[in-house]
Amino acid sequence: MSAQEQLAQLLTDAGVGSVLAVRLAEYGSRLLEANRRVNLTGARTPEELLPHLLDSLTVLAFVQEPLIDVGSGGGLPGIPVALALNVHVTFLESTAKKAAFLGEVVAEFGLAGEVFCERAEDAARSPSLRESFGSATARAVSSAPTTLELTVPFLRIGGCAILQRGVMDQRERDAVRDAAPMLGAATVEEHTVGGQRRLLIVRKTSPTPTRFPRRTGIPEKRPLCF
């Protein structure tokens, strides 16, 4: 059985609808194949990739179009979201080889979207991208307050940042709560989505001050309020 067939079966067994399962399996097999040449994901087998695909689907209920996926890597969660919802997705990835892979997938699958090979700190200064999106996703990027600083500037007022997180302690929660108003946002909801995984939904309430995001590397080195 091929990797694509294995993935389709695993996804179906996990409750994913047959049509979407086939499309996700096609993408997943393409990701695993490309991963042999470019480090796109830590998953090496269909079984290892399955939870990453399922985790990507947990954001679907919160996505507002258009979506920007910050630090896209191999395309999680942006590609599964595009396949499931047929929404316009902008992929932001600073590593050239990863961005090239994303561009190939967008073209091959006929997805509505584009890829920018750029750091979030720089891209957020672009008038065509800043405060232009209904939602922003970021998976496994950095600490929660850092991820907040790298996503909220892209949102229009009323849009939401969908932060996929694992275990969080109270200090990190407090940092997100305190940093959100500085960026023109408010923490709205926290949803557990299985095991230690959770989604933080942060709503944009006012324009982000022009000083954010701070210059390249600073949001990660010195997270707001953390």
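The following conversation concerns a predicted model and its sheet, salt bridges, cysteines and backbone geometry.

Biologist: Before we start, what are the ground rules for this model?

Modeller: This is a predicted model in which local features need pLDDT of at least 70 and side-chain atom pairs count only at pLDDT 80 or more, while totals for chains, interfaces and linings use all residues. Residues are numbered from 1 along each chain as its sequence is written, and side-chain values use heavy atoms, with hydrogens and water left out.

Biologist: In what order do the strands of the sheet run?

Modeller: Seven strands form an open sheet in the order E3-E2-E1-E4-E5-E7-E6, with mixed pairing. The edge strands are E3 (113–116) and E6, each of which pairs on one side only. On average, neighbouring strands of this sheet are turned by 20 degrees against each other, direction ignored. Helices (H or I, at least four residues) and strands (E, at least two) are DSSP runs, numbered from the N terminus. Two strands pair if DSSP finds at least two bridges between them.

Biologist: Do E6 and E7 run parallel or antiparallel?

Modeller: E6 and strand E7 (residues 198–204) run antiparallel and are joined by seven bridges. Together E6 and E7 form a hairpin with five residues between them, and Gly 194 in the turn has a positive phi of about 120 degrees. Glu 190 stands opposite Leu 200 in E7.

Biologist: And how do E2 and E3 run, parallel or antiparallel?

Modeller: Strand E2 (residues 89–92) and E3 run parallel, joined by four bridges. The bridge partner of Val 89 in E3 is Gly 113.

Biologist: Which strands does H8 touch?

Modeller: H8 packs on the sheet and touches strand E5 (155–165), E6 and E7; its direction makes about 145 degrees with that of E6. H5 lies across E2 and E3, running at about 170 degrees to E3. Contact means heavy atoms within 4.5 Å. Axes are lines fitted to C-alpha atoms, for helices over the stretch in contact, and angles run from 0 to 180 degrees between N-to-C directions.

Biologist: Where does Leu 183 lie?

Modeller: Leu 183 is in the loop between helix H8 (170–182) and strand E6 (185–192). Its relative accessibility is 0%, so Leu 183 counts as buried. Here buried means under 20% relative accessible area, exposed over 50%, and partly exposed in between (1.4 Å probe, protein chains only). Not counting residues up to four places away in sequence, Leu 183 touches several residues, including Leu 148, Val 152, Pro 209, Phe 212 and Leu 224.

Biologist: Changing topic, how many salt bridges are there?

Modeller: The count comes to 13, where a salt bridge is a side-chain nitrogen of Lys or Arg within 4 Å of a carboxyl oxygen of Asp or Glu. One of them joins Glu 104 to Arg 30, with the closest N and O atoms 2.7 Å apart. That pair links distant parts of the chain, since Glu 104 is in helix H5 (residues 96–108) and Arg 30 is in helix H2 (residues 18–34), 74 residues apart.

Biologist: Which other residue meets Arg 30 in a salt bridge?

Modeller: The side chain of Glu 108 meets Arg 30 in a salt bridge (3.0 Å, N to O). Glu 108 lies in helix H5 and Arg 30 in helix H2, so this pair ties together parts 78 residues apart in sequence.

Biologist: Is Arg 30 buried or exposed?

Modeller: Arg 30 counts as buried because its relative accessibility is 17%. Glu 104, at 37%, counts as partly exposed.

Biologist: What about Glu 190; which residue does it meet in a salt bridge?

Modeller: Glu 190 meets Arg 198 (2.9 Å, N to O). Arg 198 is buried, with a relative accessible area of 8%, whereas Glu 190 is partly exposed at 35%.

Biologist: How many disulfides does the structure hold?

Modeller: The structure holds zero disulfides, a disulfide being a pair of cysteine sulfur atoms within 2.5 Å. Cys 160 is buried at 1% relative accessibility, and Cys 225 is partly exposed at 40%.

Biologist: Last topic: which peptide bonds are cis?

Modeller: The bond from Glu 65 to Pro 66 is cis, with omega near -5 degrees. A cis peptide bond also joins Leu 76 and Pro 77, with omega about 10 degrees. Pro 66 is in the loop between helix H3 (46–57) and strand E1 (67–70), and Pro 77 is in the loop between E1 and helix H4 (78–85).
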